[in-house]
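Me: I am new to reading structures. Please walk me through one, feature by feature.

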Amino acid sequence: MWNYCKETALSFVSLSIQLALFFACQCFNLRQHENETFAKLGIAAASILCGLLLLRLARGRTGGRGAKNGLLAAGVVLGGALQTGGIVAVISPLWTSLTYLLGMADGFFVCLLAWIVLTVMASAAVALAVCSVKTGVASLLRFDFFTLFYCLMLLFIGIYCTIQCLQTAMHIHPLVGFLSFLSLAGGGAAGYAAPPVEADGVVTDANGNPHYVVSHISSGRCVCTDGNVWRREPDGHYDTL
């Protein structure tokens, strides 16, 4: 019971850090200043770098055998949260930065190139949103709220990225905006055809207790929020190494 409560608390802390990064780096205002967008991009990139360093430091101290004390376990949780949260959070400012650059297009051939890029970006954003809905519904049906958390964030990002692409296309020329809008159907079809992402963020031990995955080392091996390395057994449950 104590291990279950501890794992749940650590998972809550990890998700809270990722949610804070998501809101801190999300470009809600489509007309915000470029410097603000670049600052959010820097925050997300710094979070990814810090997360990678913390995970590498924690694994180096344990020699790959798992954390021996609470401090190293906290480092694994914090590093995983910063890395994963930064990867999700970096999408919005990176997308906005690209649309800023594409919005400066001038001349027929440059605008043609901008239209091609915006079409691909808009299709990818719609596919991300549709695939997030599909995976989110599947996660909700199996009560996998861990995956549902990420689906909601990616759905929000996909919607805003789509709006940004269409706004930039209309700014270049109404015809470019109309042609980019037509590409949304293809992106939506691709997202609907994509299989839902299976949940791999939670593993269970022999007693059925859940353990939340921070990162995967290899097939069948992962690091959980307790700082230990867990290995998949033939019957499907996980044991510590």
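Me: Is glutamine 18 buried or exposed?
Reply: Buried means under 20% relative accessible area, exposed means over 50%, and partly exposed is in between (1.4 Å probe, protein chains only). Glutamine 18 has a relative accessible area of 2%, so it is buried. This is a predicted model: local features need pLDDT of at least 70, side-chain atom pairs count only at pLDDT 80 or more, and totals for chains, interfaces and linings use all residues. Residues are numbered from 1 along each chain as its sequence is written, and side-chain values use heavy atoms, with hydrogens and water left out.

Me: Where does glutamine 18 lie, and what is it in contact with?
Reply: Helices (H or I, at least four residues) and strands (E, at least two) are DSSP runs, numbered from the N terminus. Glutamine 18 lies in helix 1, residues 2–25. Contact means heavy atoms within 4.5 Å. Neighbours within four places in sequence aside, glutamine 18 touches Ala81, Thr84, Gly85, Phe149, Tyr150 and Met153.

Me: Which residue is exposed, for contrast?
Reply: Take alanine 185, which counts as exposed at 57% relative accessibility. Alanine 185 sits in helix 7, residues 174–193. Its C-alpha is 7.8 Å from that of serine 123, although the two are 62 residues apart in sequence.

Me: How many helices and strands does the protein chain have?
Reply: The count is 7 helices and 5 strands. Read from the N terminus, the order is α-α-α-α-α-α-α-β-β-β-β-β. The protein chain has 241 residues, and 45% of them count as buried. Among contacts with a separation of 6 or more, 66% join residues 24 or more positions apart.

Me: How do I read the packing of helix 4 and helix 5?
Reply: Start with the axes, which are lines fitted to C-alpha atoms, for helices over the stretch in contact; angles run from 0 to 180 degrees between N-to-C directions. Angles under 35 degrees count as roughly parallel, over 145 as roughly antiparallel, 65 to 115 as roughly perpendicular and the rest as oblique. Here the axes of helix 4 (residues 91–102) and helix 5 (residues 108–141) come within 11 Å and cross at roughly 155°. Helix 4 is therefore roughly antiparallel to helix 5. On the helix 4 side, the contact is made by Trp95, Leu98, Thr99 and Leu102. Helix 5 brings Ala114, Val117, Leu118, Met121, Ala124 and Ala125.

Me: At what angle do helix 4 and helix 6 pack?
Reply: The angle is about 5°, and the axes are 10 Å apart; helix 6 covers residues 145–172. So helix 4 is roughly parallel to helix 6. The helix 4 residues that meet helix 6 include Trp95, Thr99 and Leu102. Among their partners in helix 6 are Leu154, Cys161 and Ile172.

Me: How many disulfides are there?
Reply: A disulfide is a pair of cysteine sulfur atoms within 2.5 Å. A search of the whole structure finds 0.

Me: Why is there no bond for cysteine 25?
Reply: The closest cysteine sulfur, in cysteine 27, is 8.3 Å from the sulfur of cysteine 25, which is too far for a bond. Cysteine 25 is buried, with a relative accessible area of 0%. Cysteine 27 is also buried, at 0%.

Me: What about confidence in the protein chain?
Reply: pLDDT is the predictor's confidence in each residue, from 0 to 100. The protein chain averages 79, and 83% of the residues score at least 70. Over residues 63–68, pLDDT stays under 50. For that stretch the model has 13 contacts beyond four places in sequence.
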